[in-house]
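This report is written for a reader who meets the structure for the first time. Please keep the sequence and the model at hand while reading.

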Amino acid sequence: MAVHLVQTAVVAVWIAINVVAVLYRWDPYPFILLNLLFSTQAAYAAPLILLSQNRQADTDRVKAEHDYQVNQLALQYLIAWHRDTHGADCDCIRHAEPVVHGMLTALARDL
């Protein structure tokens, strides 16, 4: 936060000095050096931003894998709970399997 305030102050002072200097025709193109400084800063910042995005993508990938594992565990608990409630000879899960498979296939297509 302090870096942003210092940078903003430097830019404001730079612009003020160059606006006054234009009145005296000291520099016909007063903001060329400022533009060069911003371009240099952008050249250094861009790779850092890309690295940050790559790290975030890696974090998202790990979280998605964790969510998948949690969902698989929840499914196993639901199946066990269903079997305990309805009995081992219940065909509900076998009858629901084609529907669930179709839903998963549709979800995979959307990805």
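## Lining of the largest pocket

Helix H3 gives the largest share of the lining of the largest pocket, contributing eight residues. The model is a predicted one. In total, 14 residues line the largest pocket. The elements that give two or more residues to this lining are helix H2, residues 32-86, and helix H3, residues 92-110.

Nearest the centre of the largest pocket lie Gln72, Leu75, Val100, His101 and Leu104. By class, the lining consists of nine nonpolar, four polar and one charged residues. The volume of the largest pocket is about 370 Å³.

## The salt bridge

One salt bridge is present in the structure. Its partners are aspartate 58 and arginine 61, whose closest N and O atoms are 2.8 Å apart. Both residues belong to helix H2, and because they are three residues apart there, about one helical turn separates them.

How do the two partners stand with respect to the surface: what class of exposure does aspartate 58 have, and is arginine 61 buried or exposed? Aspartate 58 has a relative accessibility of 40% and therefore counts as partly exposed, since this class lies between the limits of 20% and 50%. Arginine 61 has a relative accessible area of 54% and is therefore exposed, the limit for that class being over 50%.

## A nonpolar patch on the surface

Which residues form a nonpolar patch on the surface? The patch is made of Ile15, Val19 and Phe31, which together have about 230 Å² of accessible area.

Of these residues, valine 19 can be described further. Valine 19 is located in helix H1, which covers residues 2-23. The relative accessibility of valine 19 is 45%, so this residue counts as partly exposed.

## Histidine 86 and tyrosine 44

Histidine 86 has its place in helix H2, the element that spans residues 32-86. With a relative accessibility of 45%, histidine 86 counts as partly exposed.

How far is histidine 86 from tyrosine 44, as judged by their C-alpha atoms? The separation between these atoms is 63 Å, and the two residues are 42 residues apart along the chain.

## Summary of the main points

Helix H2 holds both partners of the salt bridge, aspartate 58 and arginine 61, and also histidine 86. Helix H2 is, together with helix H3, among the elements that give two or more residues to the lining of the largest pocket. Helix H1 holds valine 19, one of the residues of the nonpolar patch.

Key
Residues are numbered from 1 along each chain as its sequence is written. This is a predicted model: local features need pLDDT of at least 70, side-chain atom pairs count only at pLDDT 80 or more; totals for chains, interfaces and linings use all residues. Side-chain values use heavy atoms; hydrogens and water are left out. On a 1 Å grid over the protein atoms alone, a cavity is a set of points where a 1.4 Å probe fits but cannot get out, and a pocket is an open set with protein on both sides within 12 Å along at least five of seven lines; lining residues have an atom within 4 Å of a point. Grid points are joined across faces, edges and corners, and a volume is the space filled by probe spheres set on the points. Helices (H or I, at least four residues) and strands (E, at least two) are DSSP runs, numbered from the N terminus. Ala, Val, Leu, Ile, Met, Phe, Trp, Tyr, Cys and Pro count as nonpolar, Asp, Glu, Lys and Arg as charged, and the others, Gly among them, as polar. Patches are made of residues with over 30% relative accessible area and no salt bridge: like charges are joined within 9 Å, nonpolar side chains (Val, Leu, Ile, Met, Phe, Trp, Tyr) within 5 Å. Accessible areas come from the Shrake-Rupley method with a 1.4 Å probe; for residues, only the protein chains shown count as cover. A salt bridge is a side-chain nitrogen of Lys or Arg within 4 Å of a carboxyl oxygen of Asp or Glu. Buried means under 20% relative accessible area, exposed over 50%, partly exposed in between (1.4 Å probe, protein chains only).
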